[in-house]
Amino acid sequence: VYITLINKETINHIFKYKDKLTIEAGSKIPTMNDYLYHNTTEEKEIVWDNIEIEEGKIYKPGTYKGKFNYDNEERHVTLIVKDTTPPSINNVKDIEVLAFTKVPDLLTQIEVSDNSKEEITPSLEGIYDIESPGEYTLTYIAKDASRNEKSKEFKLIVKENKEYYENHPFIDSKGNFDPEICVKITTKILVNHGLNYKSNTVQNV
């Protein structure tokens, strides 16, 4: 058995600093002390290559190289910025509309933000029928460039449009042409005008 003895000075040299750190997008940029195993009162900035810093924070995921001088030596370090946080979807609420009216833009009401400051365009999933009153569950989905995804559900409530039915008497509550209603209304009109109307067949129009 061979045992290699390492003196204290050698250990201190080996464990002076870390050569790599990983942080989440939107975090503060590391300082020299974040890389050192033992803090120092020395104030020296890390010189980074091709990095964008906003108010002391970094938002763009990627791998960055930097260097600083410590203990009379130039130290080279790596910073890995990851985005593992899904986007946030805010201002989600149920929406009410009248049947047979124009559907509003369902995406304008929501706000999407991401810790990477990436501009994200949300999408909408689900099926609804603006001509059929009822409640439809739809889903907002937001996905960032790092493939983090967030979803939130809301209800599109299509309410019965009585005014539309009054102006379109041949339409049933489901928005379909109803031949029986057509016959009844036509018969009533003819009777009111003193005419005799009988029919056993109805043709679609």
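In the predicted model, the charged end of K117 sits over the ring of Y59, at 4.5 Å from the ring centre. A second arrangement of this kind involves K18, whose charged end lies over the ring of Y37, 5.6 Å from its centre.

Aromatic rings also associate with one another. A pair of aromatic rings is described by the distance of the centres and the angle of the planes. The structure holds four aromatic pairs. One of these joins Y35 and W48 in a tilted arrangement, with 6.4 Å between the centres and 50 degrees between the planes. Y35 belongs to helix 2 (residues 32–35) and W48 to strand 3 (residues 47–48), so this pair ties together parts that are 13 residues apart in sequence. Both Y35 and W48 are buried. The ring of Y35 also pairs with that of F68: the centres are 6.5 Å apart and the planes stand at 40 degrees, so this pair is likewise tilted. Here the link is between distant parts of the chain, since Y35 is in helix 2 and F68 is in strand 5 (residues 62–70), 33 residues apart. F68 is buried, as is Y35. Together with Y17, the residues Y35, W48 and F68 form one aromatic cluster.

Charged side chains were examined next. Side chains of opposite charge can pair when their charged atoms come close. The count of salt bridges comes to four. Among them is the bridge between the side chains of E96 and K159, with an N to O distance of 3.8 Å. E96 lies in strand 8 (residues 95–98), whereas K159 lies in strand 12 (residues 149–159), so the salt bridge ties together parts that are 63 residues apart in sequence. E96 counts as exposed because its relative accessibility is 53%, while K159, at 40%, counts as partly exposed.

A further salt bridge connects the side chains of E149 and K143, with 3.4 Å from N to O. Both partners are partly exposed: E149 has a relative accessible area of 43%, and K143 has a relative accessibility of 47%. The side chains of E73 and R75 also meet in a salt bridge, at 3.2 Å from N to O. In this bridge the two partners fall into separate accessibility classes. E73 is partly exposed, with a relative accessible area of 34%. R75, by contrast, has a relative accessibility of 4% and therefore counts as buried.

The acidic residue D114 has no such partner. D114 is located in the loop between strand 9 (111–113) and strand 10 (123–125). Although buried, D114 has no salt bridge, and K150, the nearest side chain of opposite charge, is 11 Å away. At that distance the pair does not form a salt bridge, because a salt bridge requires the side-chain nitrogen to be within 4 Å of a carboxyl oxygen. The side chain of D114 instead makes a polar contact of 2.5 Å with the side chain of S116. When residues up to four places away in sequence are not counted, D114 touches D83, T85, P86, P87, I120 and D144.

How values were computed:
Residues are numbered from 1 along each chain as its sequence is written. This is a predicted model: local features need pLDDT of at least 70, side-chain atom pairs count only at pLDDT 80 or more; totals for chains, interfaces and linings use all residues. Side-chain values use heavy atoms; hydrogens and water are left out. Buried means under 20% relative accessible area, exposed over 50%, partly exposed in between (1.4 Å probe, protein chains only). Helices (H or I, at least four residues) and strands (E, at least two) are DSSP runs, numbered from the N terminus. Lys and Arg count as positive and Asp and Glu as negative; His and the chain ends are not counted. A polar contact is a pair of N or O atoms within 3.5 Å; within protein, one must be able to donate a hydrogen and the other to accept it, and residues adjacent in sequence count only if both atoms are side-chain atoms. Contact means heavy atoms within 4.5 Å. Rings of Phe, Tyr and Trp (its six-membered ring) pair if their centres lie within 6.5 Å; planes under 30 degrees apart count as stacked, over 60 as edge-to-face and the rest as tilted. A charge sits over a ring if NZ of Lys or CZ of Arg is within 6 Å of the ring centre and within 35 degrees of the ring normal.
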